[in-house]
Amino acid sequence: MSESMRGPERIVVVGAGECGTRAAMALRERGFTGAITLLGREDVIAYERPPLSKAAPAADDAELVHPWTAEALAEAGVALRLGVDVTGMDREARTVETTDGPVPYDRLLLATGAGPRRLGLDHVHYLRTHSDAATLRDLVSRGGRLLVIGAGFIGPEIAAGARERGMEVVVVEAAERAPARMVPPVVAEQVVALHAAHGVEVRTGTTVTAVERHEGGLLASLSTGESLDVDTVVAGVGAAPHTEIAAAAGLLVEDGIVVDEQLRTSDPRVWAAGDCAAFPDARSGHRVRVESRRSAHDRAVTVAASMTGGQEPHVAVPRFWSDQYDQMLQTAGLPTTAVDEVVRRREDGSLIHFGLDGDGRLVAATSLGRGPVVAKDIRVAEQLIATHATPDPAALADPGVALRSLR
Ligand SMILES: Cc1cc2nc3c(=O)[nH]c(=O)nc-3n(C[C@H](O)[C@H](O)[C@H](O)COP(=O)(O)OP(=O)(O)OC[C@H]3O[C@@H](n4cnc5c(N)ncnc54)[C@H](O)[C@@H]3O)c2cc1C
């Protein structure tokens, strides 16, 4: 850590989610002794969002999981201010404008996360916060028919939870196959089959054009010309990064706040990390924005190092998981950066999909199946990706070859 960063400099973190909070703690772990102020719009200390779409729709009482206590933050000397909205920043004056007045900084971290993409339809619910989850839980407990718009990650999780609570569930997805984007088609087909086996109807290539009140319920009009009588509509159609403050202050913004490998923005006093930031992927060179809890934690540690004069590039392999019914979907790496694919089919009928780049390096692995098997394989695949392994495709496809022997 450079001498100038030993204090009494002031670091302000905007966004008190898991990334911002982890970064505040990591700054202390790295020996930063100046003031740390953590500003958050929500009314509660950071909590894990993944359970909101998994246990929550199915659980009667969903307790929030908080990775840190208020006491731990206070002990670390992190001034947590909740219910404070940051409305802008003045880079010349080095202050952020908040609903509580201006807050000065010497170095600033934007960890503003992302929010649900909205569809411009009435009567549609979205899921991002604990209060969204409470609303959804209440609606699911009333039963009836649920329309889920979007078959990415969150939509199918909500569908599975609601189905397990006895709701009738229809999922519509605009893309011709589901789930979209990050899941290879062969795995996506398995996800759809899993939902079909649980009595969920998945309609791909279909959009919802209107939702209106109708006879005590809702009437959803589909692009196919059909209408569906439903009780609740929820959409999970992706997340949009919170970049408004950065953009208004003239920082470089694309799909996310643009940062370098040290997570610095175009202003040398401002950093960005977590769901809001787009960083260069060390393996592919592509600029990516990863929405994953583990990546948010990894990058919080990287950004704390960078803000205190460290030079550790962010190289952790992105990881993502999803639970649906009794199955687990896990991904390591970035499937979108692959140009070749290899599929390994296990004896139990489940599979693991490998993505390779143009040089034969493993860059991604995705699997749906029983939790322990999937977790073990993806853990080994993560190591292969991290070490830039170029495994023999025939060995990758062969379930008789132990993945760890390909290191
Ligand atoms: C329902 C759901 C399920 C998920 N499931 C998984 C999963 O299974 N696996 C996985 O890896 N990831 C999952 N994720 C994604 C994961 O939760 C996110 O990647 C992670 O929360 C990102 O952390 P973050 O701190 O960057 O952003 P966030 O958690 O969004 O936190 C950012 C915080 O900043 C606050 N903020 C924003 N703007 C301002 C402002 N102007 N002023 C003050 N405060 C502001 C926001 O209110 C928010 O509290 C899921 C997300 C959701 C919503």
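**Salt bridges, sheets and enclosed spaces in a predicted model**

The count of salt bridges comes to 25. The structure is a predicted model, and the description below moves from individual charged pairs to sheets and then to the pocket and cavity linings.

One of these pairs joins K54 to E157, with their closest N and O atoms 3.2 Å apart. The two residues belong to distant parts of the chain, 103 residues apart: K54 sits in the loop between helix 2 (50-53) and helix 3 (55-58), while E157 belongs to helix 6 (residues 154-164). Both K54 and E157 are buried.

A further salt bridge is formed by D255 and R289, where the closest N and O atoms lie 3.4 Å apart. D255 is placed in the loop between strand 18 (253-254) and strand 19 (256-258), and R289 in the loop between strand 22 (287-288) and helix 9 (293-307), so this pair ties together parts that are 34 residues apart in sequence. The two partners differ in their exposure class: D255 has a relative accessible area of 43% and is partly exposed, whereas R289, at 12% relative accessibility, counts as buried.

R289 also forms a salt bridge with E291, and here the closest N and O atoms are 2.9 Å apart. E291 counts as partly exposed because its relative accessibility is 26%, and the partly exposed class covers values between 20% and 50%. Elsewhere, R294, D298, R319 and E382 are joined into one network by salt bridges that share partners. In general, side chains of opposite charge can pair when their charged atoms come close.

The loops that hold D255 and R289 are bounded by strands 18, 19 and 22, which leads to the sheet containing these strands. It is an open sheet of four strands in the order 18-19-21-22, and its pairing is mixed. Strand 18 and strand 22 stand at the edges with a single partner strand each, so one side of each has no neighbour in the sheet. Strand 21 (residues 277-280) runs antiparallel to strand 22, to which it is joined by two bridges. Within this pairing, P280 has R287 of strand 22 as its bridge partner.

Another open sheet comprises five strands in the order 23-24-27-26-25, with antiparallel pairing. Its edges are strand 23 (319-324) and strand 25 (340-345); each has a single partner strand, so one side of each is left without a neighbour in the sheet. On average, neighbouring strands of this sheet are turned by 10 degrees against each other, direction ignored. Edge strand 25 is joined by six bridges to strand 26 (residues 351-356), and the two run antiparallel. Across this pairing, E341 stands opposite G355 of strand 26. In a regular strand, side chains alternate between the two faces of the sheet.

A hairpin is formed by strand 4 and strand 5, with four residues between the strands. Four bridges connect strand 4 (residues 86-90) and strand 5 (residues 95-98), which run antiparallel. G88 stands opposite E97 in strand 5. In the same hairpin, R94 takes a positive phi near 55 degrees.

The remaining features concern space within the model. The second largest pocket holds about 190 Å³ of space. Its lining consists of H123, H125, L139, R142, G143, R213, G216, G217, L218, D231, T232 and V233. Strand 14 (217-222) and strand 16 (232-235) each supply at least two residues of this lining. By class, the lining of the second largest pocket divides into three nonpolar, six polar and three charged residues.

Two cavities of 30 Å³ or more are found in a search of the whole structure. About 50 Å³ of space lies in the second largest cavity. The residues lining this cavity are D281, R283, V317, P318, G333, L334, T337, V363 and I385. Five of the lining residues are nonpolar, two are polar and two are charged.

How values were computed: Residues numbered from 1 in each chain as written. Predicted model: local features only at pLDDT ≥ 70, side-chain atom pairs only at ≥ 80, totals over all residues. Heavy atoms only, no water. 1 Å grid on protein atoms, 1.4 Å probe; cavity = no way out; pocket = protein on both sides within 12 Å on 5 of 7 lines; lining within 4 Å. Points joined across faces, edges and corners; volume = space filled by probe spheres on them. Nonpolar A, V, L, I, M, F, W, Y, C, P; charged D, E, K, R; others polar. Salt bridge = Lys/Arg side-chain N within 4 Å of Asp/Glu carboxyl O. Buried < 20%, exposed > 50% of the residue type's maximum accessible area, 1.4 Å probe, protein only. Pairing = 2+ DSSP bridges. Axes fitted to C-alpha atoms, helices over the stretch in contact; angles between N-to-C directions.
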